[in-house]
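I'm opening a fresh page for this protein. My plan is to look at confidence, hollows and one sheet, and to jot down what I find.

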Amino acid sequence: MVRARVHHGGVSQQTDGAALAEPALHALRAAIGPSHVLTDADIRATYETDWTRRFKGVAAAVVRPGTVEEVAAVLRASREVGAAVVPQGGNTGLVGGGVPRAGAPRDERGSPRPQIVLSTLRLRNLEAVDEIAGEVTVGGGVTLSALQEHVRRSGWDFGVDMGSRDSATVGGMVATNAGGVNVLRYGVMRQQIVGIEAVLADGTIIRRLPGLVKDNTGYALGSLLAGSEGTLAIVTLARLRLVPSLPRRAVALLAVDDAGQAAAFAAAFRRRLSTITAAELFDHDGMRLVLRHAGGEPPFRESHPRYLLIECGAAADPTDELVEAITGLPTRDAVVASDEGGRHRLWKLRESHTEAVNAAGVPHKLDVAVPIGRIGEFDVAVRDAIHRADPDARTFVYGHVGDGNLHVNVLGPDPDDETVDDAVLELAIQMGGAVSAEHGIGVAKVRWLVADRGEPDVAAMRAIKHALDPAGTLNPGVLFP
């Protein structure tokens, strides 16, 4: 895998980006307007580096279409000149899938292909909530927080939530099949889709937005696009199912012995509490890093090895039910908050992990899934594996203990040294897990896809890719070499 060279002081500059000829730029400007075709290097820079600062490439241009027709025009123009198109939403990705490739993709003759970043941020349609069906149609560039604010005014809510809500976009969430903190209650992004509008690589617009819960007429294209990471089509609209608003919330933070106990407690809460919405895990080193970075006071007088955060939501106050469920569990300590400030302080300890780790250095971020029953075993084994690979590495493990999705973050190794990455991903496969749970394969894990899924599965994926994008226009280098 070729990646931009990165140092702790920033990303080194690349000079291997192929340029677009003036006629191609003219076609793009004619399609979407000159002000939305960005070629200045300083302006392009924010679109060219991913959130971790590990991945960077050079775009010949950044385009910002505002309608589905403009997206189609951009793709047709790009295909005519052999340019690669990198779809990008809020640029919150962590595996390099939403920024240009370092080294530049090559055409059949081996010449570098120009890369165009297609930003979806102007696709911000927010249609009226269908209050009877409990559905809404929104643009691919709508942020999660804007979606939440919009539907909550009608007494509904959206089932997927995550810490990056202010910048993550609906289109990006579909493309990565995002999960977040409420999967154990509502499922992943694929399960929220009841209709889709998208543009294929040749500019063809596909549209199925009837809002039908039961629609068995052929292939479910929306489900196919969920998790495709921008390699099959660009999502311009999504029809999404909504969930009832749960205005009363209670949050508990439990101090526990280890990750295995946290998983067992989370399972007990799921059996006892019909109101549970989230079950999150983090360790003491992670909490200490968060408190240093974001401020605040420790929730307990003493430190503890692991912490389990539980949230419940209902129409009526679920605090008593949550407290009763905690009673009798052999916790080391526990605190419960039902007021907004107290809940926010407890959630901050979990949601600030990503930002705190990123502020401490350039992290190796390994998003994996493991069988829930083996979370405790994995938590011990992965730390041992990382220590063997790099004795000086700092490891932080946190994530969604209720669905088996753990985020393994490692600070210390050179960003280009993948020794710890290999150790973590190999362990996940050995334990019956997956090398990606919600962040995607991107470019970071391309060589692990066959090891995880097997040759027949990947061959089927390649066949789908070739059928929908035979020229390899959309996001080359993501999922497949």
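Before naming any element, I need my labels straight: helices (H or I, at least four residues) and strands (E, at least two) are DSSP runs, and I number them from the N terminus.

**Entry: the cavity.** I'm working from a predicted model. I looked for enclosed spaces and found one cavity of 30 Å³ or more. Its volume comes out at about 90 Å³. There are 14 residues lining this largest cavity, and I noted R54, L366, D421, A444 and K445 as the closest to its centre. Which elements each supply at least two residues of that lining? I got β17 (364-369) and α14 (419-430). The largest share, three residues, comes from α14. I also sorted the lining by class: seven nonpolar residues, seven charged and no polar ones.

**Entry: a pocket.** Next I turned to the second largest pocket, which has a volume of about 690 Å³. I listed 22 lining residues, and R152, D161, R249, E311 and R343 lie nearest its centre. Four elements each give at least two residues to this lining: α4 (144-152), β12 (243-244), β13 (248-256) and α11 (340-351). Which of the elements gives the largest share? That's α11, with five residues. By class, I wrote down nine nonpolar, nine charged and four polar residues for this pocket.

**Entry: a sheet.** I then followed an open sheet of four strands, in the order β3-β4-β6-β5, and its pairing is mixed. The edges are β3 (37-38) and β5 (84-88), since each of them pairs on one side only. A reminder to myself: strands of a sheet pair through backbone hydrogen bonds, either parallel or antiparallel. In which sense do β3 and β4 pair? They're antiparallel, over two bridges, with β4 covering residues 61-63. I checked one partner: L38 is bridged to V62 in β4.

A helix goes with this sheet, too. I see α3 (residues 68-80) lying across β4, β5 and β6 (115-119), and α3 runs at about 175 degrees to β6.

**Entry: confidence.** How far do I trust the coordinates? The protein averages a pLDDT of 94, and 97% of the residues score at least 70. The start of the chain is another matter: over residues 1-15, pLDDT stays under 50. The model does have 39 contacts beyond four places in sequence for that stretch. Where pLDDT is low, though, the predicted coordinates should not be read in detail. I'm leaving residues 1-15, with their pLDDT under 50, out of my close reading.

Technical notes: Residues numbered from 1 in each chain as written. Predicted model: local features only at pLDDT ≥ 70, side-chain atom pairs only at ≥ 80, totals over all residues. Heavy atoms only, no water. pLDDT = per-residue confidence, 0-100. Contact = heavy atoms within 4.5 Å. 1 Å grid on protein atoms, 1.4 Å probe; cavity = no way out; pocket = protein on both sides within 12 Å on 5 of 7 lines; lining within 4 Å. Points joined across faces, edges and corners; volume = space filled by probe spheres on them. Nonpolar A, V, L, I, M, F, W, Y, C, P; charged D, E, K, R; others polar. Pairing = 2+ DSSP bridges. Axes fitted to C-alpha atoms, helices over the stretch in contact; angles between N-to-C directions.
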